[in-house]
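Reader: I've got this model open and I'd like a close look at one part of it, the sheet and whatever packs around it. Could you walk me through that in one go?

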Amino acid sequence: MAKIIAISNTKGGVSKSTLARNIAMACHINNEKVLAMDCDPQNSLEKFFSTRFERLDNVELDVEVKSESTGLKRHILHRSDRYDRVIIDIGGRDTVAMRQVLMAAEVVIIPVNTSQESTDALMQMMDAVEDARGVNEDMQVFLLITMAPSDPHDTTATVTAEGLSELYEGRATVLNTKIKHRKAWLQSGYDGLAIWEVGTKENKAASEFEALINELVKKGVL
Ligand SMILES: Nc1ncnc2c1ncn2[C@@H]1O[C@H](COP(=O)(O)OP(=O)(O)O)[C@@H](O)[C@H]1O
Ligand SMILES: [Mg+2]
């Protein structure tokens, strides 16, 4: 079971922070002692939990903002001693901090959407992953399709997943679960809610997230 999980991509707007906060909360409700570490200068993860803690108090996990990149790897490894799980939100561009996180993480989950820009940008991210593997050879790397078209007849996400599996064979595993583009994700951010707490009649986003968690459990990540 991986303890330090980074949700990372050099590309912005691919759902890193959204997934990081929901994975952190899922670990928390599974009775784990969780540290959510925000290493992204945009501080989206920290802002979300501030909103959450102001409005609700049923999820108590530790949140740390860490913008200093010097010694970050050592800091993460040191902090991880006191937790069952460390979830790190990092990326937006290729930084020293991101490289330090990749050297500390046991697992990196790279959210990628189905746009050409996103799949093109992945090459740069995978270069950074390869560099980190030089010192962190056991790191497991997963690609997760996010913001996939919600139309069940649309095959874009499946085609993208197949293309990425082929391109990055032996370097990364493309997760079977695909996170679809759903309004509930946006709403959950405004309201400080976990995706399963959003009160829509049929919360498909929550079912898709549950499938992701189940897949991560099955693959030994959680
Ligand atoms: N699956 C999704 N469907 C629809 N909107 C999403 C989804 N995931 C994230 N979003 C929204 O997209 C925006 C970018 O997501 P965010 O998690 O901040 O990306 P990143 O951290 O990679 O920059 C946010 O407004 C978020 O609410
Ligand atoms: Mg973010």
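**The sheet and its surroundings**

Author: Let's start with one pair: Asn9 has Gly91 as its bridge partner in strand 4. Keep in mind that this is a predicted model. That pair belongs to the pairing of strand 1 (residues 4-9) with strand 4, which is parallel and runs over six bridges. Strand 4 also pairs with strand 2 (residues 34-38), again in parallel, and here five bridges do the joining. If you want a spot to click on there, Leu35 sits opposite Val86 of strand 4.

So how enclosed is strand 4 (residues 85-91)? Seven of its seven residues are buried, so strand 4 is largely enclosed by the rest of the structure. The cut-off behind that word is 20 or more other C-beta atoms within 10 Å of a residue's own.

Now zoom out to the whole sheet. Seven strands make it up, it is open, the pairing is parallel, and the order reads 3-2-4-1-5-6-7. The edges belong to strand 3 (62-65) and strand 7 (173-180); each has a single partner strand, so one side of each has no neighbour in the sheet. On average, neighbouring strands are turned by 20° against each other, ignoring direction. As general background, strands of a sheet pair through backbone hydrogen bonds, either parallel or antiparallel.

Over at the strand 7 edge, the partner is strand 6 (residues 140-148), and the two pair in the parallel sense over four bridges. Ile145 stands opposite Lys178 of strand 7 in that stretch. Lying across both strand 6 and strand 7 is helix 6 (residues 156-167), which runs at about 160° to strand 6.

Next, the helix pairs. Helix 1 (residues 16-29) and helix 2 (residues 44-55) have axes that come within 9 Å and cross at roughly 50°. That makes helix 1 and helix 2 oblique to each other, and helix 1 passes helix 2 in a right-handed crossing. On the helix 1 side the contact is made by Ser17, Ala20 and Arg21, while helix 2 brings in Ser44, Leu45 and Phe48. Sorted by class, the residues of this contact are three nonpolar, two polar and one charged.

The other pair is helix 3 (residues 72-80) with helix 4 (residues 96-104), packed at an angle of about 40° with axes 8 Å apart. Helix 3 and helix 4 are therefore oblique to each other too, and their crossing is right-handed. Which residues meet in helix 3 and helix 4? Leu72, Lys73, Ile76 and Leu77 come from helix 3, and Ala97, Gln100, Val101, Met103 and Ala104 come from helix 4. The class count for this contact is seven nonpolar, one polar and one charged.

To get from helix 3 back to where we began, follow the loop between helix 3 and strand 4, where you'll find Asp81. Is Asp81 buried or exposed? Asp81 counts as exposed, because it has 8 C-beta neighbours inside 10 Å, and the cut-off for exposed is 12 or fewer. If you fancy a distance to check in your viewer, Asp81 and Leu216 are 22 Å apart in space, C-alpha to C-alpha, and 135 residues apart in sequence. From Asp81 the loop takes you on to strand 4, the strand with seven of seven residues buried.

Note on methods: Residues numbered from 1 in each chain as written. Chains lettered and ligands numbered in written order. Predicted model: local features only at pLDDT ≥ 70, side-chain atom pairs only at ≥ 80, totals over all residues. Axes fitted to C-alpha atoms, helices over the stretch in contact; angles between N-to-C directions. Parallel < 35°, antiparallel > 145°, perpendicular 65-115°, else oblique. Left-handed = near helix turned anticlockwise from the far one by under 90°. Contact = placed C-beta atoms within 7 Å. Nonpolar A, V, L, I, M, F, W, Y, C, P; charged D, E, K, R; others polar. Pairing = 2+ DSSP bridges.
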